[in-house]
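Reader: Hi! Could you walk me through this one before I set anything up?
Author: Happy to, here it is.

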Amino acid sequence: LEGNFWKNQALTDILPYWTKYSIDTVDGAFITNLDRSFNQIEGLSVKIEEVTINGENRTDFNKDEGYINLPALEKVEMKVVLK
């Protein structure tokens, strides 16, 4: 499949749901512990163990609440290790 297919999938089928149902208006992040219907799951089944953004290890995330504050960068390459 070509890149335009995946771009279209992300822009039309994925991002609209994430931006509608998973924005955390308190902390300014995305809520990632959602079920298939985009309802927030109480209590996390996994925890964030490690975060790397643009090759730099980050410590400014909350393991217990499961959110990551993303920096204001033009390009973000992110690796998240879950436990």
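Author: Below we talk through one residue, its strand, the sheet and a salt bridge.

Author: This is a predicted model, in which local features need pLDDT of at least 70, side-chain atom pairs count only at pLDDT 80 or more, and totals for chains, interfaces and linings use all residues. Residues are numbered from 1 along each chain as its sequence is written, and side-chain values use heavy atoms, with hydrogens and water left out.

Reader: Great. Where does threonine 52 lie?
Author: Threonine 52 belongs to strand β3, residues 48-53. Strands here are DSSP runs of E, at least two residues, numbered from the N terminus.

Reader: And is threonine 52 buried or exposed?
Author: Buried, with a relative accessible area of 13%. Buried means under 20% relative accessible area, exposed over 50% and partly exposed in between, using a 1.4 Å probe and protein chains only.

Reader: What is threonine 52 in contact with, beyond its neighbours within four places in sequence?
Author: With Asn57, Glu77, Met78 and Lys79, where contact means heavy atoms within 4.5 Å. The side chains of threonine 52 and asparagine 57 also share a polar contact of 3.0 Å. That term covers a pair of N or O atoms within 3.5 Å; within protein, one must be able to donate a hydrogen and the other to accept it, and residues adjacent in sequence count only if both atoms are side-chain atoms.

Reader: How far apart are threonine 52 and methionine 78?
Author: They are 26 residues apart in sequence and 5.7 Å apart in space, C-alpha to C-alpha.

Reader: Now the sheet. What is the strand order?
Author: The open sheet has three strands in the order β4-β3-β7, with antiparallel pairing. Two strands pair if DSSP finds at least two bridges between them. β4 (56-58) and β7 (78-82) are at the edges with a single partner strand each, so one side of each has no neighbour in the sheet.

Reader: How many bridges do β3 and β4 pair over?
Author: Three, in the antiparallel sense. Valine 51 has arginine 58 in β4 as its bridge partner.

Reader: Switching to charges: which residue forms a salt bridge with arginine 58?
Author: Aspartate 60, with the closest N and O atoms 2.7 Å apart. A salt bridge is a side-chain nitrogen of Lys or Arg within 4 Å of a carboxyl oxygen of Asp or Glu, and by this rule the count is one.

Reader: Are those two residues buried or exposed?
Author: Arginine 58 is buried at 19% relative accessible area, whereas aspartate 60 is partly exposed at 37%.

Definitions and conventions. Helix = DSSP H or I, 4+ residues; strand = E, 2+ residues; numbered from the N terminus.
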